[in-house]
Amino acid sequence: MDRAQHIANCIGSIQECERQLTVLAEQIQVTRDSATLASLHEKRLELLQHQDHLANSCTRAITTFAQEKEAHELGVSRHRQSSIINNLKTELPQWPLTGVGIELCGAIPPESRRLVPGQEVAAREQDKWLLGVVVRVDGASIYVEDMVPDSTSAKAWKLSWRNVIPLPVWAPQAHFSVALFPKGAQVLALYPRTTCFYQATVEALPTKSNPMYKLQFQDDDFGGRTNFQEVAVKHVIAKPTR
């Protein structure tokens, strides 16, 4: 499937999500049974997440198409790659509840193997964990593209489930400890100004005034002193055990 068809399919799916959300909104207004109402709200959240993933996928496809065209005409420079990295989106919508969590809210892991095109992930390619985006899921195979392609034709990696970790899609409130990695936890985190994930130790948790983790990356002690880095919740995940 070419990018133009992919973009058209995404737009059609986004419109279908919008139609289903409208129907759900009408059902929520007239429903009085609490169990049914909770189920409808859960379905609405899933649709909103799916719609967001589709929008990301569509935006990604359009951006990549433009990058490929420009790269073909001008060549890809290190300066441009650096600019893309510096402008990566790090903000997440905040999960409104503190008594009840949801999968992929901060440190809360996914409940099942479920990925959709447009979803951002950490992808293990040749023993390195890299920032990527899902472009297709085909049974046991997940096709992932580098978030910052360095060639005129961004080739998707074909990976197994064990080599793909979904990134958080919700940010927990600062006092929702269940969804935050504790101080001293070993995590995998995106090193600032790169698209590579490395092992790190949590030094301080996000707060209302500073919604970033303070981390000490493994071997990041150049000059004989300990260095700490601030990393967004979106880019801090559990360290793989495999």
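**A tour of the salt bridges**

Select Glu 103 first: this residue is buried, at 11% relative accessible area. The model on screen is predicted.

Keep Glu 103 selected and add Arg 114. Their side chains form a salt bridge, with 2.6 Å from N to O. Both partners sit in the loop between α3 (78-86) and β1 (120-125), eleven residues apart, and the pair links distant parts of the chain. Arg 114 has a relative accessibility of 44%; because this lies between the 20% and 50% limits, the residue counts as partly exposed.

How many salt bridges does the structure hold? There are four, and two others are visited next.

Select Lys 234 and Glu 120. A salt bridge joins these side chains at 3.1 Å, N to O. Lys 234 belongs to the loop between β9 (229-232) and β10 (236-238), whereas Glu 120 is in strand β1, so the contact ties together parts 114 residues apart in sequence. Are these two residues buried or exposed? Lys 234 and Glu 120 are both buried.

Move to Arg 136 and Asp 138. The N to O distance in this salt bridge is 3.7 Å, which is within the 4 Å cut-off. Arg 136 is partly exposed, with 40% relative accessible area, and Asp 138 is partly exposed as well, at 45%.

Finish away from the salt bridges, at Ile 165. This residue is part of strand β5, which covers residues 164-166. Ile 165 has a relative accessible area of 14% and counts as buried because that value is under 20%. Now add Arg 124 and display the C-alpha atoms: those of Ile 165 and Arg 124 are 8.7 Å apart, with the two positions 41 residues apart along the chain.

Conventions: Residues numbered from 1 in each chain as written. Predicted model: local features only at pLDDT ≥ 70, side-chain atom pairs only at ≥ 80, totals over all residues. Heavy atoms only, no water. Helix = DSSP H or I, 4+ residues; strand = E, 2+ residues; numbered from the N terminus. Buried < 20%, exposed > 50% of the residue type's maximum accessible area, 1.4 Å probe, protein only.
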